[in-house]
Every structure is written in structure tokens, then in C-alpha cells.
Amino acid sequence: MLQFKNKIPFIEGTSLHDVINVCQTPFYVYSQDIITQKVEMTKKILGKNIFFSVKSNSNQAILKIMQSLNIGADVVSVGELKRSLSAGFHPSKIIFEGVGKSKDDLVFAIQKNIRLINTESLEEIKLLQKLATEKNKTIDIGVRLNPNIDGGTISKISTGKKTDKFGIDINEIENIINLVSNCNNLNLIGISCHIGSQISNIDVYKNTFIEMKKVADKFVSAGINIQHVDLGGGFHVKYNKNDPEFEIKDIKKELDRCFGKSSYEISFEPGRYLIAEAGILVTSIINTKQNGGINYLIVDAGMNTLVRPAMYNAYHDIETIKNITDNSVSYTVAGPICESSDIFIKNVLLSEQSIGDILIIKNTGAYGKVMSSTYNTRPLPSEILINKENFAIIYSSDKIEKNIEEDIIPSWL
Ligand SMILES: Cc1ncc(COP(=O)(O)O)c(C=O)c1O
């Protein structure tokens, strides 16, 4: 994403130094051009029914870009639903799923007439029928199924195995059919699944498509008019040069082979694939030290800013913007948080660094800011959007004093 012109780092037509001059590190930067390219390419290959998984990056400026590129939104909480509406998504382009929707969440979604509420249990279907009757409405629903397929990724991001908490067991289809046949206020028009994230193995997609096709056929033969088959997200992003190659063109081949020309629309819900490579995290070195022979660079971003390395052992490349051709010192880059797991990378070769230098943590557009916290009473990171020669602060980090003021000390203390 960074390009050097006369040793000056640029994102699109904007010098990173100009951003650093007005925004305090750590902050995320996104390139509108990269987002646009990714979305257009995905639509070109997989068709127009793409629903951006809002959980991966829910900043409203990002959502506005997605909406203006004419894709939909896939939300997993009522908060994400409200954000998507506020960013301008038409309700008919929003899918609401999630394993734990409260009654109030469902009532809100029903009132908004969104495209689909994807139910994740038989109990939720019953509750929806009750709510729809009370509101004297007929509502379109989908069911998220659990096809018992192992995505082959780390267990913390697997969602499609029988024992995972997500979706309705694929063996419950008869029960779903019987239940919805007796729910006069519900139209079951969609089925969906999501196996997990970071899936590179084409066989996993192939097996998922085969299972979902069988299920769609079963519903259709039971007289249920399935209009949407949603095959989830999870497309792999190459974070590390040793990661497997992955091309969505290969998914398309399996898709055509399995579904051919069907009577229903096929859709996908990618998050990471559309936004991860369009973002970087910019951080400053606040301390350097040697412990046990390790050269530590302590930066001002921590696991509170980007939790993926600490939470999933996720790999993010780190680069410097100083002496970029002289990468000869081995460093371990750590955050300031009081936790041993607050390490971004070990043994990365960089040019010699000192306090005040800037480091770039790459491919952090997805599951970065959205998962940040104020742990250790530190502020949330700001976010910047770049569009050619222009940039805008799209989230301005609050002063930590505001966070402190939000605590309420009871009168008896
Ligand atoms: C239901 C659902 N759909 C889509 C996604 C997007 O996944 P990814 O960002 O890996 O494409 C997720 C994330 O896990 C999800 O839970």
C-alpha cells in the first residue's frame, strides 16, 4: 500500500508525513482506491450479490464507500445494523445474522424491513413467528446452516463445524421445514452458511457448495421457494509471503460447476478480503531496549490497538519508512501494554531504529480498529481515509480523560 517517491512514503497521492503531522500515532490509514479495486474485482468475478461483512471494519466512511460501490451489508448485531443504515445502506441491502439476537434486536430489524433476517436456531424461528404475529406482518427470513465442514483454519476462527456454536445443524432440515410450514407469518426465502475465516483450500469451498446445493434442493422439493443462497465469507488474505496462494477466480469455477444456472441468487459475505489489504497501522517507537539478547522496539500501538497477533497469533508484516533498503538489524516489536502477549512480531529485519521513528504494521484494514479497546486506560486509535491527494480523519481518538469521566462512582464511596 505504501509507495516510496524520492524516499518519501506515499499512499495514493498523499504523503504519509502530511498525515503524521496532523494525527497522533497510533492510527489506522485506509486507501479508498484499494478498497474500490478489491470490491470491483470481487463483483466482476462473483457477481453483484456481495454483502460486506461489517464486523471486519464498521467505520461509517468505509461503509459509505461500500454502499456507493453498490454492494450490501452483512451485520451481526443491532449496532452494526444501525451503523449500516446510518451510513446510507438501503434496508433491502442488509442481511442480519448472529447467533445471539435479542427480542428487541429482532423487533428493530422487523420494523426496518431489511432484506433478510438469518435465523440461527429453531427457537429463534419460533420467536420471530411470535413477533411477526404481534406486529401483524409477514417477514422474509433465512436460515444459517451449520454444514459440519472444517475450514482448515485455526479453531478460533472456525464457524462451520458441528460443534461450533453457529448456525442450525444441517441434519435439522426436516425440523426446519416442518416448523416454517406452520409459521404463517414467515417466508423462508434464504439459506446461508459461513465456514470460517482465512480459508484458502479450494476443496473446502467445493465441499461447502456441494452441501449447500443439496440443502437448497431439499427445501425446493419441499415446496419452499428459496430465492437466496448465501455462501458466506472467509476468503483468504495473504498476510505472510509463506501463506498459500488464493484466487477468488478458483471459487468461481467451483461455483459454476456446482450451481450452474439456478433458480435462486447466489451471494457472498466477505469482510477481510475487501478491506484487510487496504489498511495499515502507523505507530511510533517510544522506547528501545535489550532484554536477554533481544532487541526490543516498544511502540505506542499495543494489543489494545490491534489484538490479532495476541489473540490469534496472527502475522502482520512490519516495515519501516527510514533507510528502507538497509534491513540488517533483527528486532522484536512489542506494544506498551502490561501483558507478555503484547508482541506484534519477533525477529523482523529492519534498518537501525531509534525512539521517535515510525513503523508500519501492514494489512490491518480488517479486524483492526473494530477490535480495539481502551485496555490499560489507553485511547482508541484514530482512523484516516486517503483518496488520491486528499485525506480525512474518519475517527478521531478521544482523549483518555473522556473515558475516565464515563465511570460513575456511587454516592456511598
Ligand atoms: C456470518 C459471517 N459472515 C461473514 C464473515 C466474514 O468473514 P471474513 O472477514 O473472513 O470474510 C464472518 C466473519 O467471521 C461471519 O461471521
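**Legends to close-up views of a predicted model**

**View 1. Burial and overall dimensions of the protein.** Of the protein's 413 residues, 42% count as buried. The coordinates are those of a predicted model. The C-alpha trace extends over about 70 × 65 × 45 Å along its principal axes. The radius of gyration is 23 Å, which agrees with the value near 22 Å expected for a compact globule because the chain has 413 residues. Contacts between residues at least 6 apart in sequence were also examined: 69% of them join residues at least 24 apart. In secondary structure, the protein has 12 helices and 21 strands.

**View 2. The two assigned domains.** The domain assignment divides the protein into domain 1 (2-29 + 277-405) and domain 2 (32-275). Domain 1 is thus given as two segments, 2-29 and 277-405. Taken over C-alpha atoms, the centres of domain 1 and domain 2 are separated by 32 Å. To the contact between them, domain 1 contributes 20 residues and domain 2 contributes 20 residues.

**View 3. The side of domain 1 that touches domain 2.** Two or more residues on this side come from each of the elements β20 (382-387) and β21 (390-395). Strand β20 gives the most, with four residues. By class, the residues on this side of domain 1 are 11 nonpolar, five polar and four charged.

**View 4. Surroundings of the ligand.** There are 18 residues around the ligand. Those that come nearest are Ser53, Ser197, Gly233, Gly271 and Arg272. The shell around the ligand consists of nine polar, five charged and four nonpolar residues.

**View 5. The open sheet formed by β1, β2 and β3.** Strands of a sheet pair through backbone hydrogen bonds, in either a parallel or an antiparallel arrangement. Here three strands make an open sheet with the order β1-β2-β3, and the pairing is antiparallel. At the edges are β1 (3-5) and β3 (14-15), each of which pairs on one side only.

**View 6. Pairing of β1 with β2.** Strand β2 covers residues 8-11 and pairs with β1 in the antiparallel sense. Three bridges connect β1 and β2. Within this part of the model, lysine 5 stands opposite isoleucine 8, a residue of β2. Lysine 5 falls within the bounds of β1 (3-5), an edge strand of the sheet.

Conventions:
Residues numbered from 1 in each chain as written. Predicted model: local features only at pLDDT ≥ 70, side-chain atom pairs only at ≥ 80, totals over all residues. Near = placed C-beta within 6 Å. Nonpolar A, V, L, I, M, F, W, Y, C, P; charged D, E, K, R; others polar. Domains from an automatic or database assignment. Contact = placed C-beta atoms within 7 Å. Rg over C-alpha atoms; globule rule 2.2 N^0.38 Å. Buried ≥ 20, exposed ≤ 12 C-beta atoms within 10 Å, placed from the backbone. Pairing = 2+ DSSP bridges.
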